[in-house]
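The following exercises concern the chain shown below. Each task is followed by a worked solution.

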Amino acid sequence: MSAKINRSPLKAPPLREAGQSVRDSIIDLLFGRLLPSLWLCTLLWALVLETALRRQLRWMPSAQAYGVVALAFSILTALQLLYARQRLRALELGRDGERLVGEFLDGALLPLGARVVHDIPADGFNLDHVVIAPQGVFVVETKTRTKPWAEARVSLTDDGLLIAGLPPDRDPITQVLAASRWVSELLEESTGQRVAARGVVVFPGWYVEPMTRQWLNAQRPWVLEPKSLPAFLKHEPPILSDREVAMFANHLARYVRAHQSAARNP
């Protein structure tokens, strides 16, 4: 059969799912780091057994030497297993948080005339969700954290935010500001129309202290529990027409598909 006939019936690949980058990281952790170590450890112990058996048959390779190497790699594999267990739990939590927030945004914002694009790859990072609504473009960063036994509270300060009373290892405010600038530049380059994307940081399942008037007047990113986002959007004046909402969403989706195609065909 001619190769020209064997073409995919799909005109374009589907958009990325919420949490897909985290899922890719899970696969890379399992198949890129853990399984090779397990395979090598198994191989070395097989060599130890083989050498011991051959020794019984008067063949003289050193089983002790193989045993020392196998023991060293067994210790390394055990450390890899401990690391992988902790890392997998964190990745799975982040993935599930992104998916749940994505599902909520799709269900709550689409009836309001908004469009949502998930898991957008950028230069060395990815954007969890981008909402294009009549009220503007919003970059939503999901922070899914395990809740402490004490009160799970996100507090806002002049310097940023505190999670359960402690500063985060990586400042989500700085992250979402950088992501917002990146989206604004991408859309302006793609459409020729300037739009200032606004950052939003959401903490699923946590109590987030209300933002002060000073925080809002300073045009700092919104920090919310996800279910509060639709109400905040409704209080914002519309600045984009339906045509502009569709245009920005389509250009962003086209960028994601082009990035996927380039990744598949380097």
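**Exercise 1.** Determine what share of the chain is buried.

*Solution.* The model is predicted. A residue is counted as buried when its relative accessible area is under 20%. By this criterion, buried residues account for 41% of the 266 residues. The accessible surface of the chain amounts to about 15900 Å², and carbon and sulfur atoms contribute 58% of that surface.

**Exercise 2.** State how many helices and strands the chain contains, and explain why the chain is described as more spread out than a compact globule.

*Solution.* Step one is the count: the chain has 6 helices and 8 strands. Step two is their order along the sequence, which reads α-α-β-β-β-β-β-α-β-β-α-β-α-α. Step three compares two values: the radius of gyration is 25 Å, whereas the globule rule gives 18 Å for 266 residues; the chain is therefore more spread out than a compact globule. Finally, the C-alpha trace spans about 85 × 65 × 30 Å along its principal axes.

**Exercise 3.** Which strands form the edges of the open sheet with the order 5-4-7?

*Solution.* The sheet consists of 3 strands with mixed pairing. Strand 5 (160–163) and strand 7 (207–208) each pair on one side only, and these are the edge strands. Strand 4 (residues 153–157) runs antiparallel to strand 5 and is joined to it by 4 bridges. One bridge partnership links Ser155 with Leu162 in strand 5.

**Exercise 4.** How far apart do the centres of the positive and negative side chains lie?

*Solution.* The chain carries 31 positive and 26 negative side chains. The centres of these two sets are 8 Å apart.

Methods: Residues numbered from 1 in each chain as written. Predicted model: local features only at pLDDT ≥ 70, side-chain atom pairs only at ≥ 80, totals over all residues. Heavy atoms only, no water. Helix = DSSP H or I, 4+ residues; strand = E, 2+ residues; numbered from the N terminus. Rg over C-alpha atoms; globule rule 2.2 N^0.38 Å. Buried < 20%, exposed > 50% of the residue type's maximum accessible area, 1.4 Å probe, protein only. Areas by Shrake-Rupley, 256 points an atom, 1.4 Å probe, with all protein chains shown as cover. Lys, Arg positive; Asp, Glu negative; His and termini not counted. Charge placed at Lys NZ, Arg CZ, Asp CG, Glu CD. Pairing = 2+ DSSP bridges.
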